[in-house]
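I opened this notebook to record what I looked up in one structure. The entries follow the order in which I consulted it.

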Amino acid sequence: MDANYRRLKLAITDSCNLNCAHCYLADKTSKHLPLDRVACLIREAAELGVQVLDLTGAEPTTHPDFARIVELAREQEVLREINLSTNGLSLLKPQILRTVRSHNVKCNISIDGSKEQVVDAVRGKNVFRRLERVFAQLRSDGIQFTFRFSINSVNYRDIDNILRYASRWDVPVDIEPTQHIGNAIAKDFVLSSEQFDYVARRIELMTPSLPVCVTDSFRARIPCDGGFADLLSVNSDGAAVTCLMVDRLLGATNTPLGSLPLRHQWDSLQRRKRKMKDFLPILDQCATCNYRQLCSSGCLVTAYQKGCIK
């Protein structure tokens, strides 16, 4: 087993059952990564010693072969952990729920507020009520889940209630700022410097008294996925990329690797990964930039969007 190959983030589809106002995928399609290609990638990952598989998308549960993909992953004994990044709405479908439960899949559910008015403004009508039913079902079935909140100019004032909401459900919570990409650009959802600092202060103040684990990139930088040598992202074309969001910006020029074995794709991206890991702010340029907090959070897609990284 090689320590250089630990985690695979696999985008199995560009399809989604929502069109969230802040989503980085502004150009969703009905494209799914073919099952035979997914099976090949999972097999290659297991041969490399990969221990963690993250299924993502757009919305991975919309893939017509979602259940079979999870089964294939569970057949690989080396894969100790399967994570699902999801908006949660499909988890009430019997087959999806049965698959997640029987194969011990951890669900990381995106929810961007603590009340109906806020969530539905970002994710669509009646989403909050449907998610409340999902959470109750997962808790009843003993399925492990966490919350992910993307904080933006629409929901940042709800941060106190967001933290209380996670505590009410007694689940870990991850809190990140919405980046300047995709739908968020047109909606002007990105936090101002003052709003970013407000969220950081509220998290700092409230976290010590909370009974749940809070992970956030407002108080301290969380390194970008693209900078980890032992993590590889694969897009819905089946090609390895440094980061799924950056890949969306760069387009086809960033994805010429899909025909190569997974190990070769992984190794060929290490120089680009080091560049992302070693990125430092350009002091004279970043000091007055309206988006400097987004880069300081660790995610560098906004730096790519603005041309600070080429």
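The entries below concern a predicted model and cover its sheet, salt bridges and buried residues.

**Entry 1. The sheet**

I began with the strand order. I found an open sheet of nine strands, arranged β7-β6-β5-β4-β3-β2-β1-β8-β9, and the pairing is mixed. I noted the edge strands as β7 (214-216) and β9 (240-241), each of which pairs on one side only.

I then looked at one pairing within the sheet. Strands β4 (residues 106-110) and β5 (residues 145-151) run parallel and are joined by four bridges. Across this pairing, I found Ile-109 opposite Phe-147 of β5. Helix α6 (residues 159-169) packs on the sheet and touches β5, β6 (173-177) and β7. I recorded an angle of about 175° between the direction of α6 and that of β5.

**Entry 2. Salt bridges**

I next asked how many salt bridges the model holds. The count is 14, and I examined three of them in turn.

The side chains of Lys-31 and Asp-237 form a salt bridge, with 2.8 Å from N to O. Lys-31 belongs to the loop between β1 (7-11) and α1 (35-48), and Asp-237 to the loop between β8 (231-234) and β9, so this pair ties together parts that lie 206 residues apart in sequence. I noted Lys-31 as partly exposed, at a relative accessible area of 32%.

For the pair Arg-68 and Glu-71, I found the closest N and O atoms 3.2 Å apart. Both residues lie in helix α2 (residues 66-74), and because they are three residues apart there, about one helical turn separates them. Arg-68 is partly exposed at 33% relative accessibility, and Glu-71 is partly exposed at 32%.

The third pair is Arg-219 and Glu-204, whose closest N and O atoms are 3.7 Å apart. Arg-219 sits in the loop between β7 and β8, whereas Glu-204 sits in helix α8 (residues 193-206), so the bridge ties together parts 15 residues apart in sequence. I recorded both as partly exposed, Arg-219 with a relative accessible area of 36% and Glu-204 at 47% relative accessibility.

I also checked for shared partners. Asp-14, Lys-31 and Asp-237 are joined into one network by salt bridges.

**Entry 3. Helix α2 and the core**

I returned to α2 to ask which of its residues are buried. They include Phe-66, Ala-67, Ile-69, Val-70, Leu-72 and Ala-73. The buried residues of this helix pack against α1, β2 (52-56), β3 (81-86) and α3 (94-102).

The largest nonpolar core has 91 residues. Within this core, I listed Leu-10, Leu-55, Phe-135, Phe-147, Ile-151 and Ile-175 as touching the most other members. I followed up Leu-55: leaving aside residues up to four places away in sequence, its contacts include Leu-10, Ile-12, Pro-60 and Ile-82, as well as Phe-66, Ile-69 and Val-70.

**Entry 4. Leu-231**

I closed with Leu-231, which is found in strand β8. Is Leu-231 buried or exposed? Its relative accessible area is 5%; under 20% counts as buried, so Leu-231 is buried. Not counting residues up to four places away in sequence, Leu-231 touches Arg-7, Asp-225, Trp-266 and Lys-273. I also recorded its separation from Ala-67: 164 residues in sequence and 24 Å in space, C-alpha to C-alpha.

How values were computed
Residues are numbered from 1 along each chain as its sequence is written. This is a predicted model: local features need pLDDT of at least 70, side-chain atom pairs count only at pLDDT 80 or more; totals for chains, interfaces and linings use all residues. Side-chain values use heavy atoms; hydrogens and water are left out. Two strands pair if DSSP finds at least two bridges between them. Helices (H or I, at least four residues) and strands (E, at least two) are DSSP runs, numbered from the N terminus. Contact means heavy atoms within 4.5 Å. Axes are lines fitted to C-alpha atoms, for helices over the stretch in contact, and angles run from 0 to 180 degrees between N-to-C directions. A salt bridge is a side-chain nitrogen of Lys or Arg within 4 Å of a carboxyl oxygen of Asp or Glu. Buried means under 20% relative accessible area, exposed over 50%, partly exposed in between (1.4 Å probe, protein chains only). A nonpolar core is a set of buried Ala, Val, Leu, Ile, Met, Phe, Trp, Tyr and Cys residues joined through side-chain atoms within 4.5 Å.
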